[in-house]
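Trainee: Can we go through the helix packing in this one, and then the ligand site?
Mentor: Yes, packing goes ahead of the ligand.

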Amino acid sequence: MSEQVKQLFTEIAPRYDQINSLLSLKIDQLWRRAAIKHLAGDRYRQVLDLCAGTLAMTQQLLQVNLDCHVTAVDFSETMLQIGLKKLPYGDLARVKIQNADAMQLPFPPHSFDGIMCAYGMRNLDDNRRALEGIFRLLKPGGKLVVLDFFAPDRWASRLFYATYGHFFIPMLGRLLSRHRNAYEYLQRSIQGFYTPVAYAELLKLIGFQNVAIKHQTGGISCLLTAERGNP
Ligand SMILES: C[S@@+](CC[C@H](N)C(=O)[O-])C[C@H]1O[C@@H](n2cnc3c(N)ncnc32)[C@H](O)[C@@H]1O
């Protein structure tokens, strides 16, 4: 499965940002901005951008948190390279890209003050195992920010995914990406993912504290934040 996902993102990489903006009418930028705010404080010096793709989150964080260094990880080198080209020259010294699998992250425990993952967790084969790894990588007191399209649990988001999500996203996605099933995969992965509440329970089970859920635009997107408590 993960090999197929990697191939899919590598194939759509050159058009990924443009398609995102068109399909979401640029609302994804607001969703991202709300997520980034949680890592804006100066205590978040070392931040991991997991499933970083074309560095949309990294780019925004560097603008609002002038003290941070970001390690951007993705298993598609093509996505990362496209992202790197978008960064202003002055920001390059604060970013390290790393081609790695989110299921086997090559960092020592307690490496990061903050970890963010936007629209990436849904693609992973085993979220419980991935979150256990993330928990280990956070310093005590560190924060996890997960932004994703969760399985809809509100009437507005159910309606959205049963109409626009079911008919238009796969069709528009196919036309724009020129990839036969990339955006059918998107729809399938959303339906097969956790609801926000079930994901919050999983985070607590792993040991995260102060778990909070924020529905965005009627629950179409959802932001979860959680902390690794101080021992
Ligand atoms: C939907 S994109 C999100 C990219 C970016 N975070 C954003 O907000 O635009 C998902 C990204 O996750 C990456 N990805 C999926 N599974 C992964 C895994 N197991 N390890 C590392 N990266 C993965 C894909 O290559 C892709 O770039």
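**Helix packing and ligand shell**

Mentor: Helix α3 (residues 27–36) packs with α4 at an angle of about 55 degrees, their axes 10 Å apart; axes are lines fitted to C-alpha atoms over the stretch in contact, and angles run from 0 to 180 degrees between N-to-C directions. That makes α3 oblique to α4, since under 35 degrees counts as roughly parallel, over 145 as roughly antiparallel, 65 to 115 as roughly perpendicular and the rest as oblique. This is a predicted model, in which local features need pLDDT of at least 70, side-chain atom pairs count only at pLDDT 80 or more, and totals for chains, interfaces and linings use all residues. Residues are numbered from 1 along each chain as its sequence is written.

Trainee: Which residues make the contact of α3 with α4?

Mentor: R32, R33 and I36 of α3 meet A56, M57, Q60, L61 and V64 of α4 (contact: C-beta atoms, placed from the backbone, within 7 Å).

Trainee: And α2 with α8, at what angle do they pack?

Mentor: About 150 degrees, with the axes of α2 (residues 16–24) and α8 (residues 164–177) 10 Å apart. I19, L22 and L23 in α2 meet I169, L172, G173, L176 and S177 in α8.

Trainee: Switching to the ligand, which residues come nearest?

Mentor: F9, C51, G53, A102 and A118, out of 21 around the ligand (C-beta atom, placed from the backbone, within 6 Å).

Trainee: Which helix gives the largest share of that shell?

Mentor: α1, with four residues. Helices here are DSSP runs of H or I, at least four residues, numbered from the N terminus.

Definitions and conventions
Helices (H or I, at least four residues) and strands (E, at least two) are DSSP runs, numbered from the N terminus. Two residues are in contact if their C-beta atoms, placed from the backbone, lie within 7 Å.
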